[in-house]
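Here is a walk through one protein chain, from its outside to its inside. Have the sequence and the model open side by side as you read.

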Amino acid sequence: MPEKHHPDRITDVERLRAFMNPLRIQLYRLLYASGSATASQLAERLGKTPSLASYHLRRLADHGFVTEADDRGEDGRERWWQVSSEEGWGFRESDFEGSPEGAAAVGAVARSIFDTRITQLRTYLDDRSAWGRTWTDAAFSSEWLLDMTPAELAEMEEELQALSRRWRERVAAAKASGDTAGREHVAVHLYGFPFRP
């Protein structure tokens, strides 16, 4: 049976609270996209001080979300960081039911993640002409309105995770073989949630 790959599921409120600071979500996302980076490099991208970025990276490390990238620091003076898992992390609201502190953390982190994603999309929309026709023709935005059960929605999420994993593995293999020409970071945002018109 093939090994199952899943994001690290956060069930402890203290671990989830590590992401209540929006800067930590931004640092994590940049680090995930970069593969590895120093606090100074990440701070420069976010317009923050290296000491502030370093502090928040250490807090993420305390909770197991990032680790030092030992193979990157050549002179020992720079500390390189990387995410702990390529599968990322996630959480279920139901794991925090009955806890006002947990509910507050779920709400704050979910809103912060959403805000970060929307900011990223707005940046692309504002700058899309700079990307050129090849990229703008390839970019997409999709919305489907379906009548589903909770079980069907959960099954769809599993299928989308498997599809994403297949593409991550394909891209990693291509990069490992030296196929790096024309590659850019690509964000894919899909949302699935119930609504009543």
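## A surface valine and its patch

Let's begin with Val171, which sits in helix α7, the stretch covering residues 150–176. Bear in mind that this is a predicted model. Val171 has a relative accessible area of 31%, so it counts as partly exposed, since that class runs from 20% to 50%.

Val171 also has nonpolar company out there. It belongs to a nonpolar surface patch together with Phe140, Trp144, Leu146, Met148, Leu160, Leu163, Trp167, Val186, Val188 and Leu190. Added up, the patch offers about 1000 Å² of accessible area. As background, nonpolar side chains in soluble globular proteins tend to be buried together.

## The chain as a whole

Stepping back, the protein chain carries seven helices and five strands. Read from the N terminus, the order is β-α-α-β-α-α-β-β-β-α-α-α. Its C-alpha atoms fit in a box of roughly 55 × 45 × 45 Å along the principal axes.

Of the 197 residues, 22% are buried. The chain exposes about 14200 Å², and 51% of that comes from carbon and sulfur atoms. As for contacts between residues at least 6 apart in sequence, 64% of them link residues at least 24 apart.

## Inside: the largest nonpolar core

Which residues touch the most other members of the largest nonpolar core? They are Phe19, Tyr28, Leu31, Phe65 and Trp89, out of 28 residues in that core. Two or more residues each come from α1 (13–17), α2 (22–34), α3 (39–46), α4 (50–62), β4 (80–83) and α5 (100–127). The top contributor is α2, which supplies six residues.

Phe19 is a good one to click on. Ignoring neighbours within four places in sequence, Phe19 contacts Arg24, Ile25, Tyr28, Leu60, Phe65, Trp89 and Val109. Tyr28, Phe65 and Trp89 in that list are also among the residues touching the most other core members.

## A small piece of sheet

β4, one of the elements feeding the core, also takes part in an open sheet of three strands, ordered β2-β4-β3 with antiparallel pairing. At the edges stand β2 (37–38) and β3 (66–68); each has a single partner strand, so one side of each has no neighbour in the sheet.

Zooming in on one pairing, β2 and β4 run antiparallel and are joined over two bridges. Look for Thr38 here: it stands opposite Trp80 in β4.

Definitions and conventions
Residues are numbered from 1 along each chain as its sequence is written. This is a predicted model: local features need pLDDT of at least 70, side-chain atom pairs count only at pLDDT 80 or more; totals for chains, interfaces and linings use all residues. Side-chain values use heavy atoms; hydrogens and water are left out. Patches are made of residues with over 30% relative accessible area and no salt bridge: like charges are joined within 9 Å, nonpolar side chains (Val, Leu, Ile, Met, Phe, Trp, Tyr) within 5 Å. Accessible areas come from the Shrake-Rupley method with a 1.4 Å probe; for residues, only the protein chains shown count as cover. A salt bridge is a side-chain nitrogen of Lys or Arg within 4 Å of a carboxyl oxygen of Asp or Glu. Helices (H or I, at least four residues) and strands (E, at least two) are DSSP runs, numbered from the N terminus. Buried means under 20% relative accessible area, exposed over 50%, partly exposed in between (1.4 Å probe, protein chains only). A nonpolar core is a set of buried Ala, Val, Leu, Ile, Met, Phe, Trp, Tyr and Cys residues joined through side-chain atoms within 4.5 Å. Contact means heavy atoms within 4.5 Å. Two strands pair if DSSP finds at least two bridges between them.
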